[in-house]
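The following exercises are each accompanied by a worked solution. Please examine the sequence and the structure before reading on.

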Amino acid sequence: MDDRRRPGRRGSVARTWARHPRWAMALRAAVAASLAWAAAQLVPGSAGDYPYYAPLGAVVATSTTLAGSARASLQTVAAIALGAGIALGVDAVGYPNVVTVAAVVALGVAVGGWRVLGAAGSWAPGAALFTLVVGDADPLGYVAGYAGLTLLGALIGLLVTAAFPPLPLAPAQAELERLRTVLAGQLDDLVDGLRQDAPPDEEGWRARMRAIDPVLGDMREAVGQAESARRGNRRARHHAPDVDRQYQEARALESVAFLVQDTAELLREHETAAAGWADVALGPRLRPPTTTAIAAVADLLRARDDPAQATATADAVEGLAGCLRAEQARTGHDLFVAGSLVTTLRRSLTALTGRRAPAVEG
């Protein structure tokens, strides 16, 4: 019994570990910091008096991607070197006092805003201040220890990261699934509104509108990290199809997110009337097939690559298009809102499946 359970447990642990890349990053940082500390003990001279800067550099060089680790390392060491250089220049004309402290901090903050340094620019004023005050007795030795040992630690951190390169595909996939769920849920809420005995007022529609943009932003960040992690990553070639598929899926869902929000706005603006369903834009003849088509797109978002659901969704959307043509012929009106919904739902179907649909006939 226990033997049968073990593979499942191992698989569950592996999936959990893959979904939380920060755990692996914490382990890499711990290993790199300890190796950097040990290496710093071997550094001779006054630079070796500051061994704690080596593990600090190792931590800086440990991120969720190899490319990110290299970039952060270079930017941090460059910011430290610039800050230290400022302090050495100021120290040459005056000892630490209120004027020189103000000067190095002001210059360090100014240099830290250099775009090339990125977020690491915040290291520049601190490096300038520490070099001026803490390293006043032996500024060159202090700079060698600060910048040199930080660089040493960063190199060790990069080696550890390169040996165990992260490829955060699982978090990206989780965000893609979360966005699918939110989009499908938004369509479900719109369907619920259309199935009410009376049309919701504007507040009623607003209550059914979900916050999609934050979820979309999280998805973009997660997929972007997975794409960035490919650079210089020896594992990437084995997972290239997965990364490409995620990127294509992300682009499709971005398009669908816009279309779903457009659908929600159309209904909020035009399917609101106090007199009842007969006076709203869709009317009693087009509302049922519209509801069916929207619900089918929601089901397609959940079903992912199910060909049967894709066919059912295409049939539902074209069924709505047929009802629209019949209603246009009966009334002689353009029925702009219904036409816009058909176009939006067709574009959603195309984004999710690649199926092309004919244009709405006027």
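**Exercise 1. Determine how much surface the protein chain exposes, and what share of it carbon and sulfur atoms supply.**

Solution. The protein chain exposes about 18,000 Å², where accessible areas come from the Shrake-Rupley method with a 1.4 Å probe and, for residues, only the protein chains shown count as cover. Carbon and sulfur atoms supply 59% of that exposed area. The model is a predicted one, in which local features need pLDDT of at least 70 and side-chain atom pairs count only at pLDDT 80 or more, while totals for chains, interfaces and linings use all residues. Residues are numbered from 1 along each chain as its sequence is written, and side-chain values use heavy atoms, with hydrogens and water left out.

**Exercise 2. State how many helices and strands the protein chain has, and what percentage of its residues is buried.**

Solution. Step one is to count the elements: the protein chain has 14 helices and zero strands. Helices (H or I, at least four residues) and strands (E, at least two) are DSSP runs, numbered from the N terminus. Step two concerns burial: of the 362 residues, 46% are buried. Buried means under 20% relative accessible area, exposed over 50%, and partly exposed in between (1.4 Å probe, protein chains only). Step three concerns contacts, meaning heavy atoms within 4.5 Å. Among contacts between residues at least 6 apart in sequence, 75% join residues at least 24 apart.

**Exercise 3. Identify the residues with the most contacts inside the largest nonpolar core, and the helix that gives the most to this core.**

Solution. A nonpolar core is a set of buried Ala, Val, Leu, Ile, Met, Phe, Trp, Tyr and Cys residues joined through side-chain atoms within 4.5 Å. The largest one has 51 residues, and those with the most contacts inside it are Leu-179, Leu-183, Leu-187, Leu-267 and Leu-301. Next, consider the helices: α8 (169-194), α10 (213-228), α11 (240-270), α12 (283-303), α13 (307-331) and α14 (336-353) each supply at least two residues of this core. Helix α8 gives the most, with 11 residues. Leu-183 may then be examined individually. Its neighbours within four places in sequence being left aside, Leu-183 is in contact with Ile-212, Leu-253, Val-256, Ala-257, Val-260 and Leu-301. Another core, of 15 residues, lies apart from the largest one; among its members are Ala-36, Ile-80, Ala-147 and Leu-149.

**Exercise 4. Describe the ring pairs in which Tyr-146 takes part.**

Solution. Rings of Phe, Tyr and Trp (its six-membered ring) pair if their centres lie within 6.5 Å; planes under 30 degrees apart count as stacked, over 60 as edge-to-face and the rest as tilted. A search of the whole structure finds eight aromatic pairs. In the pair of Phe-130 and Tyr-146, the ring centres are 6.4 Å apart and the planes stand at 35°, so the pair is tilted. Phe-130 belongs to helix α6 (residues 123-133) and Tyr-146 to helix α7 (residues 139-163), so this pair ties together parts that are 16 residues apart in sequence. Phe-130 is partly exposed, at 38% relative accessible area, whereas Tyr-146 is buried, at 3%.

The rings of Tyr-142 and Tyr-146 have centres 5.7 Å apart and planes at 65°, so this pair is edge-to-face. Both residues lie in helix α7, four residues apart, about one turn of the helix. Finally, ring pairs link Tyr-50, Tyr-52, Tyr-53, Phe-130, Tyr-142 and Tyr-146 into a cluster.

**Exercise 5. Find the salt-bridge partners of Arg-268 and of Glu-327.**

Solution. A salt bridge is a side-chain nitrogen of Lys or Arg within 4 Å of a carboxyl oxygen of Asp or Glu, and the structure holds 18 of them. Arg-268 pairs with Glu-202, the closest N and O atoms being 2.7 Å apart. Arg-268 lies in helix α11 and Glu-202 in helix α9 (residues 202-207), so the pair ties together parts that are 66 residues apart in sequence. Arg-268 counts as buried, at 12% relative accessibility, while Glu-202 is partly exposed, at 36%.

Glu-327 meets Arg-285 in a salt bridge of 3.8 Å, N to O. Arg-285 lies in helix α12 and Glu-327 in helix α13, so this pair ties together parts that are 42 residues apart in sequence. Glu-327 also forms a salt bridge with Arg-330, with the closest N and O atoms 2.6 Å apart. Those two residues are three residues apart in helix α13, about one helical turn.
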